[in-house]
Amino acid sequence: MDKDSLAQSKWNCKYHIVFASKYRRQIGYKQISADIGQIIRALCARNGIEILEAAAMPDHIHLYVKIPPKYSVSEVMGYLKGKSSLMIFDRHANLRYKYGNRHFWCRGYYVDTVGRNEKAIQEYVRNQLQEDVAADQIRLKEFTDPFTGEPVSKGK
């Protein structure tokens, strides 16, 4: 059986999703971002959601994912944002004072279906960190990618 098929259907449902932290507060690229990456990867793996590309910015997350058709995008986002918020506050109890009431993510999100422009979206997510750093010349330090744990170089 093909991995992208269910009992009666074959599917290829890819989405570009962007969601931000509450009040667009800077998450940072240290321990918290690494934990957020691990949490999101674990939650996606539990439901059979494949992360094709991912990038964590200081105040938002870009995901390029493949979601099975048995789940709606709103259902997946409710699950990801809700469970990850609880897990983040369990691991980092000091954030409760900054975010309060266990609301780590803002209410909305952006989603776009991926069709013929798949390569463009994949490149956009992959290069989002470099574009964000270039736009904000205040930061001069080097960051670590929370999804891979490797340092991100400027030439990449």
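Me: Where is Lys81 found?
Reply: Lys81 sits in helix 2; helices are DSSP runs of H or I with at least four residues, strands are runs of E with at least two, and both are numbered from the N terminus. This is a predicted model, so local features need pLDDT of at least 70, side-chain atom pairs count only at pLDDT 80 or more, and totals for chains, interfaces and linings use all residues. Residues are numbered from 1 along each chain as its sequence is written, and side-chain values use heavy atoms, leaving out hydrogens and water.

Me: How do you know that Lys81 has no salt bridge?
Reply: A salt bridge needs a side-chain nitrogen of Lys or Arg within 4 Å of a carboxyl oxygen of Asp or Glu. For Lys81, the nearest side chain of opposite charge is Asp59, 14 Å away, so the cut-off isn't met. Lys81 is buried all the same.

Me: What does Lys81 touch instead?
Reply: Leaving aside neighbours within four places in sequence, Lys81 is in contact (heavy atoms within 4.5 Å) with Phe19, Trp105, Cys106, Arg107, Gly108 and Tyr109.

Me: Why is Ile51 called partly exposed?
Reply: Buried means under 20% relative accessible area, exposed means over 50%, and partly exposed is in between (1.4 Å probe, protein chains only). Ile51 has 26% relative accessibility, so Ile51 counts as partly exposed.

Me: Where does Ile51 lie, and which residues does Ile51 touch?
Reply: Ile51 is part of strand 2. Not counting residues up to four places away in sequence, Ile51 touches Ile40, Arg41, Cys44, Tyr64 and Val65. Val65 is 14 residues from Ile51 along the chain, yet their C-alpha atoms are separated by 4.5 Å.

Me: What makes strand 2 and strand 3 a pair?
Reply: Pairing takes at least two bridges found by DSSP. Six bridges join strand 2 to strand 3, so they pair, and they run antiparallel. In this hairpin, three residues lie between the two strands, and Glu53 stands opposite Tyr64 in strand 3.

Me: How do you know that strand 1 pairs with strand 4?
Reply: Four bridges join strand 1 (residues 14-20) to strand 4, so the requirement of at least two is met. His16, for one, stands opposite Asp112 in strand 4.

Me: In what order do the four strands form the open sheet?
Reply: The order is 2-3-1-4, with antiparallel pairing. What puts strand 2 (50-56) and strand 4 (110-113) at the edge is that each pairs on one side only.

Notes: Lys and Arg count as positive and Asp and Glu as negative; His and the chain ends are not counted.
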